[in-house]
Amino acid sequence: MFSRRGFLKNVGMAGAALGAAHLSSAPAQAQAQPSFDVNYQRLNRAELNTELAEEHFRIRRQPIQWPNNARIAVWWAVDYEVMTDNTNSGRIATYDYSGKAGFWRLLEIAEEEGVKFCWYTNAVAATRFPETLRELARLGHEIDGHGWSNATSLTVVSSELEREIIRRTFGDIERVSGVRPTGWLGTGWNTSNRTLEFMEEEGLLWSGDYPVDDLPYTVPVNGRKIVMIPYMRDANDIQTYGAHRHPAQLWVDNFKAGFDALYEEGKTYPQATGAAMHSYLLAHPFGKKAIREVIRYTKGFPDVWQTTENEVAKWWLQQNYD
Ligand SMILES: [Zn+2]
């Protein structure tokens, strides 16, 4: 007989542990799966202190230079999200679509179009869908951290738990894919004022959590510069489709309008942009045409640097830009 409880148990937290058990390299860890999203410690919002540090507001109007004097840098970002919230089967199914179908469609589009995507990855994908991360590593796509599960925001957990989530996210992704992430976007775009410090401990090069400018900028953390690369807000399917169920064409139009403006400005002030898509939103069949369209659009212009966020961050540090 169908047991709702049993089903939820298998696709929820226990599902993640079962996934880990299949990894021959780490059977022991399967038992130690922490329940980050269960019984987390809710903090008083006033205690969170998520104010940005002063460095985020530094104003820079000197033009920078991209490789080959490109007018604009362009990257393609995927929020690759998996859910461990075992209270809602609809939500679990929505997000598991990411690993079973959405991921593969997006990867196929990227490969067909000859570009590499930046995958903001919930590390629970490493145990639930390990083959997806191995495939990204094999094909040389960028794997970035996006929290352990999409059910857990870093602003509602204690500092100790936040540090553990971050450590575990980097560790699980590396263990399965062989690649240690060097970029990060906070789950639900949430960070505490200690997040960057914990990231720095894990070797982070860049974060997408502070889009205070059109271009990247740096913030000193523990004596090291971390590059802030803007996460896209308008050419982002969480806004156009996730929040408002607009047709995919709005995402295309937003991207093109932003790209056109920045490309024009880029003649004298080199610019940067990207598009963000989710593995359970535009990755459905209706989004395929739209994704292809924006990638091909940017290829129709000269002096466009098709890149990834790691490459942007490395360039930024190499040039010693602020
Ligand atoms: Zn996300």
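Let's start with Asn-68. Asn-68 is exposed, because just 8 other C-beta atoms lie within 10 Å. The cut-offs are these: a residue is buried with 20 or more other C-beta atoms within 10 Å of its own, exposed with 12 or fewer, and partly exposed in between, with C-beta atoms placed from the backbone. Keep in mind that this is a predicted model: local features need pLDDT of at least 70, side-chain atom pairs count only at pLDDT 80 or more, and totals for chains, interfaces and linings use all residues. Residue numbers run from 1 along each chain as its sequence is written.

Where is Asn-68? In the loop between helix H2 (13-21) and strand E1. Helices (H or I, at least four residues) and strands (E, at least two) are DSSP runs, numbered from the N terminus. Asn-68 has a positive phi of about 55°, although it is not a glycine. Most residues other than glycine have a negative phi. Along the chain, Asn-68 and Asp-303 are 235 residues apart. In space, their C-alpha atoms are separated by 7.7 Å.

Now Arg-245. Arg-245 is not a glycine either, and its phi is positive, about 55°. Look for Arg-245 in the loop between helix H8 (237-243) and H9. Is Arg-245 buried or exposed? It counts as exposed, because it has 7 C-beta neighbours inside 10 Å.

Step back to the whole protein. It has 11 helices and nine strands. There are 322 residues, and 47% of them count as buried. Now contacts: two residues are in contact if their C-beta atoms, placed from the backbone, lie within 7 Å. Take the contacts between residues at least 6 apart in sequence: 74% of them join residues at least 24 apart.

Next, helix H10, residues 288-299. H10 has 12 residues. From first C-alpha to last it reaches 17 Å, close to the 16 Å expected at 1.5 Å a residue. That expected span is 1.5 Å times one less than the number of residues.

Which residues of H10 are buried? Ala-290, Ile-291, Val-294, Ile-295 and Thr-298. They cover an arc of only 130° around the axis, so they sit on the same side of H10. The arc is taken from the directions from the helix axis to the C-beta atoms. An α-helix has 3.6 residues a turn, so residues three or four places apart point the same way. Turn H10 around: the face away from its buried side carries the exposed residues Lys-289 and Arg-296.

What do the buried residues of H10 pack against? Strand E1 (72-80), helix H3 (89-113), helix H9 (248-265), strand E8 (271-278) and strand E9 (304-306).

Take H9 and H10. They pack at an angle of about 15°, with their axes 9 Å apart. That makes H9 roughly parallel to H10. Axes are lines fitted to C-alpha atoms, for helices over the stretch in contact, and angles run from 0 to 180 degrees between N-to-C directions. Under 35 degrees counts as roughly parallel, over 145 as roughly antiparallel, 65 to 115 as roughly perpendicular, and the rest as oblique. On the H9 side, the contact residues include Trp-251, Val-252, Phe-255 and Phe-259. On the H10 side, they include Ala-290, Val-294 and Tyr-297.

H3 packs against H10 at about 30°, with the axes 11 Å apart. H3 and H10 are therefore roughly parallel to each other. Arg-105, Ile-109 and Glu-113 of H3 meet Lys-288, Ile-291, Arg-292 and Ile-295 of H10.

A contrasting angle comes next. Helix H5 (residues 130-139) and helix H6 (residues 159-177) pack at about 75°, their axes 8 Å apart. That makes H5 roughly perpendicular to H6. Pro-130, Leu-133, Arg-134, Leu-136 and Ala-137 of H5 make the contact with Ile-173, Val-176 and Ser-177 of H6.

Last stop: Ile-173, in helix H6. Ile-173 is buried, because 27 other C-beta atoms lie within 10 Å. Leaving out residues up to four places away in sequence, Ile-173 touches Thr-121, Ala-123, Ala-126, Leu-133, Ile-143, Gly-145 and Pro-181. Ile-143 is 30 residues from Ile-173 in sequence and 8.2 Å away in space, C-alpha to C-alpha.
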